[in-house]
Amino acid sequence: RTISLPEDLARETEEIARAEGKSFSAIVQDALRIARAQRTRSDLRELQAFWSRKARDAGIVSEDDLDRYLAE
């Protein structure tokens, strides 16, 4: 596969690769893995916020509230 990078970003990636003793490709792979992990964490935070709002709207603010809600 081929990717294109702006010259400054390619140069910086090459510098990082040399400093870390890794290949250019390994640095790009690391960066993509980090971006994917950050996106996953962000998605999880959004889901948690959504369900927290739903719970509050239903009057669920404690584990006891949740137990009562589920028992209904």
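Helices here are DSSP runs of H or I with at least four residues, numbered from the N terminus. With that in hand, here are some exercises on this predicted model.

**Exercise 1. Placing Ala31**

Find the helix that holds Ala31, and decide whether Ala31 is buried, partly exposed or exposed.

*Solution.* Start with the secondary structure: Ala31 sits in helix H2, a run that covers residues 24-57. Next, take the relative accessible area, which is 43% for Ala31. Partly exposed is the class between the 20% and 50% cut-offs, so Ala31 is partly exposed at 43%. To finish, look across to Thr13: Ala31 and Thr13 are 18 residues apart in sequence, and their C-alpha atoms lie 9.9 Å apart in space.

**Exercise 2. Sequence distance against spatial distance**

Work out the C-alpha separations for the pairs Glu14 and Phe24, and Arg53 and Asp30.

*Solution.* Take Glu14 first, which belongs to helix H1, the run of residues 7-20. Along the chain, Glu14 and Phe24 are 10 residues apart, and 5.9 Å separates their C-alpha atoms. Glu14 itself is partly exposed, with 38% relative accessibility.

Now move on to Arg53, a residue of helix H2. Arg53 and Asp30 are 23 residues apart in sequence, and from C-alpha to C-alpha they are 35 Å apart. Asp30 shares helix H2 with Arg33, and Arg53 is partly exposed at 43% relative accessible area.

**Exercise 3. A salt bridge in helix H1**

Identify the acidic partner of Arg11 in its salt bridge, and describe how the two are placed along helix H1.

*Solution.* A useful idea to begin with: side chains of opposite charge can pair when their charged atoms come close. For Arg11, the partner is Glu7, with 3.4 Å between the closest N and O atoms. That value passes the test for a salt bridge, because the cut-off is 4 Å. Then consider the helix: Arg11 and Glu7 are about one helical turn from each other, because they are 4 residues apart in helix H1. Last comes exposure. Glu7 is exposed at 56%, whereas Arg11 is partly exposed at 41%.

**Exercise 4. From pairs to a network**

Assemble the salt bridges of Glu20, Lys22, Asp30 and Arg33, and say how these residues are linked.

*Solution.* Step one is the pair of Glu20 and Lys22, whose side chains form a salt bridge at 3.6 Å from N to O. Both count as partly exposed, Glu20 at 47% and Lys22 at 37%.

Step two is the pair of Asp30 and Arg33, with the closest N and O atoms 3.7 Å apart. They are separated by about one helical turn, because they lie 3 residues apart in helix H2. Asp30 is partly exposed at 26%, and Arg33 is partly exposed too, at 44%.

Step three joins the pairs: Glu20, Lys22, Asp30 and Arg33 belong to a network of salt bridges. For the whole structure, the search gives 5 salt bridges.

**Exercise 5. Two surface patches**

Which residues make up the patch of negative charge, and which make up the nonpolar patch?

*Solution.* For the charged patch, collect Asp8, Glu12, Glu14 and Glu15, which gather on the surface. Check one of them: Glu12 is in helix H1 and has a relative accessible area of 44%. Patch members need over 30% relative accessible area, so Glu12 passes at 44%.

For the nonpolar patch, collect Leu44, Leu47, Phe50 and Trp51, which together have about 430 Å² of accessible area. Check Phe50 in the same way: Phe50 lies in helix H2 and is partly exposed at 34%.

**Exercise 6. An aspartate in helix H3**

Is Asp65 buried or exposed, and which residues does Asp65 touch beyond four places away in sequence?

*Solution.* First, locate Asp65 in helix H3, the run of residues 63-71. Second, compare its relative accessible area of 17% with the cut-off: buried means under 20%, so Asp65 is buried. Third, list the contacts. Leaving out residues up to four places away in sequence, Asp65 touches Gly59 and Ile60.

Methods:
Residues numbered from 1 in each chain as written. Predicted model: local features only at pLDDT ≥ 70, side-chain atom pairs only at ≥ 80, totals over all residues. Heavy atoms only, no water. Buried < 20%, exposed > 50% of the residue type's maximum accessible area, 1.4 Å probe, protein only. Contact = heavy atoms within 4.5 Å. Patch = residues over 30% accessible without salt bridge, like charges linked within 9 Å, V, L, I, M, F, W, Y side chains within 5 Å. Areas by Shrake-Rupley, 256 points an atom, 1.4 Å probe, with all protein chains shown as cover. Lys, Arg positive; Asp, Glu negative; His and termini not counted. Charge placed at Lys NZ, Arg CZ, Asp CG, Glu CD.
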